[in-house]
Amino acid sequence: MNDLWIYVAVAAVVLGVGAVIVVARRSRGGSTPTAPAVEVAPSAPVTPAPVPAPDVAAPPSFRDRLARARGVFAGATSGVLRRSAIDQSTWDELEEAMLRVDLGVKVTTSLLDSLRDRVKRRDITEPSALISALRDDMVSRLADANRSLTFDTSRGTPNIWLMVGVNGAGKTTSLAKIAAQQIAEGRSVLMAAGDTFRAAAGEQLETWATRTGAAIVRGAEGADPSSVVFDGVQSAAARNIELVLADTAGRLQTNTNLMDELRKVRRVAEKAAGAVTEVLLVIDATTGQNGLVQARQFAEATQVTGVVLTKLDGSAKGGIVFAIETELGIPVKLVGLGETVADLAPFVPGEFVSALFDA
C-alpha cells in the first residue's frame with residue numbers, strides 16, 4: 001500500500017512539471033527559444049594614429065665638433081701671436097696651417113697675398129692685428145651666400161629636393177635627417193628611393209620613413225631611377241604632400257653614364273607634377289680637396305644649388321668649404337657634425353671660422 005502511494009506521488013510531480021513546461025512554451029508562442037540574430041554593423045574605417053613629429057634637438061656647436069681642425073689652426077695662430085713682429089716665419093706658419101686644414105692652395109694664396117699687401121702698406125703692423133684680419137677675411141669670403149633651403153609655396157605643387165653624391169658620402173642618411181627635420185617643422189614629406197642600384201638604400205629609407213612618419217615610394221632593385229622619382233612626385237601631388245626628397249644613384253662621379261643618368265632624373269622630375277627647388281650635393285668632408293672635383297662634376301650635370309658637407313666631426317678639417325664656395329660659387333647649406341638628426345646643422349660661417357681660431 002505504501003509503495004502504491006509513492007508511485008502516485010511521483011506521477012503527480014511528473015505531470016505537474018510537464019504542465020508547467022507546456023504553459024511556458026505556449027506563453028512564448030509555442031516555439032523552442034533560439035539565440036536572436038544580431039546584425040553586426042560594419043566596422044568604421046580605422047584612421048591610423050598620427051605619427052608624432054620626430055624630436056629634433058638643438059644642433060651641437062661647431063667648436064665641439066671641429067676639435068682636430070681647431071687644434072691645427074689654433075696652434076699656428078697662437079704661435080704667430082707669440083711673435084714680436086711679422087716676418088717670413090709668420091707667413092710660413094700660417095700657410096702650412098691653412099693647407100693642413102684643407103683650404104687649398106688657391107684660397108690660401110689669395111688670402112695671404114691680400115694680407116701681405118696690407119702689411120706692406122703698414123695697415124697691419126702687429127701679429128695680433130694680422131690674425132684678426134685673417135679671421136675677418138675668412139668670414140667675409142663666406143658671408144654673402146644664401147644658405148636657406150628653397151621651398152616655394154606659390155606653385156601649389158610639391159617641391160622636389162634632389163640628393164646627389166657619390167656612394168659613401170652619407171647621401172641617403174642626410175636625406176633621412178632632412179626629412180625628419182622638415183617633418184618636425186610641420187611639412188609633409190615623401191621619400192623617393194631613386195638609388196635603385198643599391199638595395200640597402202631603399203631598405204634604409206623604408207626604416208627612416210617608418211621612424212619619421214614620411215611617405216615613401218620605392219621601385220624594384222635595378223629599376224629606372226627617373227621613373228621612381230617621377231612616380232614619387234606624382235604620388236605626392238595626388239596626396240597633397242608638400243615635399244619630395246629624392247635619393248639618386250651614387251657611383252663614381254667619373255662614370256659618364258652616372259652623370260647622364262642624373263641629368264635624366266632631373267629632366268623627368270621637372271616633367272612631373274612638381275618643381276625641383278633644390279639639388280643638394282652631399283660631400284664627405286674627409287675627402288679634402290677631392291671634394292672640389294666631385295662638386296665640379298656634379299654641378300655641371302645637375303645644376304647643384306647647395307652642398308651638404310658630412311662627417312665634419314671626424315678626421316675632416318673643413319677647409320674644403322672655402323674652395324667650394326669661392327671657386328665654384330656653390331653655398332654650403334648643411335654640415336654633418338655627428339650621427340643624430342640634430343647633428344645635421346645649418347652652416348654658420350662665423351661660428352665655423354671661430355671654431356678654427358679659438359683654442
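**Exercise 1. Contacts of Leu134**

Which residues does Leu134 touch, not counting residues up to four places away in sequence?

*Solution.* Work in the predicted model. Take heavy atoms within 4.5 Å as a contact. Drop residues up to four places away in sequence; Leu134 then touches Phe73, Leu94, Met98, Leu111, Leu115 and Phe357.

**Exercise 2. Packing of α4 and α6**

Describe how helix α4 and helix α6 pack, and list the residues in contact.

*Solution.*
1. Locate the helices. α4 covers residues 88-100 and α6 covers residues 127-141.
2. Take the geometry. The angle is about 30° and the axes lie 12 Å apart.
3. Classify. Angles under 35 degrees count as roughly parallel, so α4 and α6 are roughly parallel to each other.
4. Assign the hand. The crossing of α4 and α6 is right-handed.
5. List the contact. α4 supplies Thr90, Trp91, Leu94 and Met98, while α6 supplies Leu130, Ile131 and Leu134.
6. Sort these residues of the α4 contact with α6. Six are nonpolar, one is polar and none is charged.

**Exercise 3. The largest nonpolar core**

How many residues does the largest nonpolar core have, and which have the most contacts inside it?

*Solution.* The largest nonpolar core has 100 residues. Those with the most contacts inside it are Phe73, Leu134, Met138, Phe298, Leu309 and Phe352. Leu134 also touches Phe73.

**Exercise 4. The whole protein**

Summarise the secondary structure, burial and contact range of the protein.

*Solution.*
1. Count elements: 13 helices and eight strands.
2. Burial: of the 359 residues in the protein, 45% are buried.
3. Range: consider contacts with a separation of 6 or more; residues 24 or more positions apart account for 76% of them.

How values were computed
Residues are numbered from 1 along each chain as its sequence is written. This is a predicted model: local features need pLDDT of at least 70, side-chain atom pairs count only at pLDDT 80 or more; totals for chains, interfaces and linings use all residues. Side-chain values use heavy atoms; hydrogens and water are left out. Axes are lines fitted to C-alpha atoms, for helices over the stretch in contact, and angles run from 0 to 180 degrees between N-to-C directions. Helices (H or I, at least four residues) and strands (E, at least two) are DSSP runs, numbered from the N terminus. Angles under 35 degrees count as roughly parallel, over 145 as roughly antiparallel, 65 to 115 as roughly perpendicular and the rest as oblique. A crossing is left-handed if the near helix is turned anticlockwise from the far one by less than a right angle, and right-handed if clockwise. Ala, Val, Leu, Ile, Met, Phe, Trp, Tyr, Cys and Pro count as nonpolar, Asp, Glu, Lys and Arg as charged, and the others, Gly among them, as polar. A nonpolar core is a set of buried Ala, Val, Leu, Ile, Met, Phe, Trp, Tyr and Cys residues joined through side-chain atoms within 4.5 Å. Buried means under 20% relative accessible area, exposed over 50%, partly exposed in between (1.4 Å probe, protein chains only).
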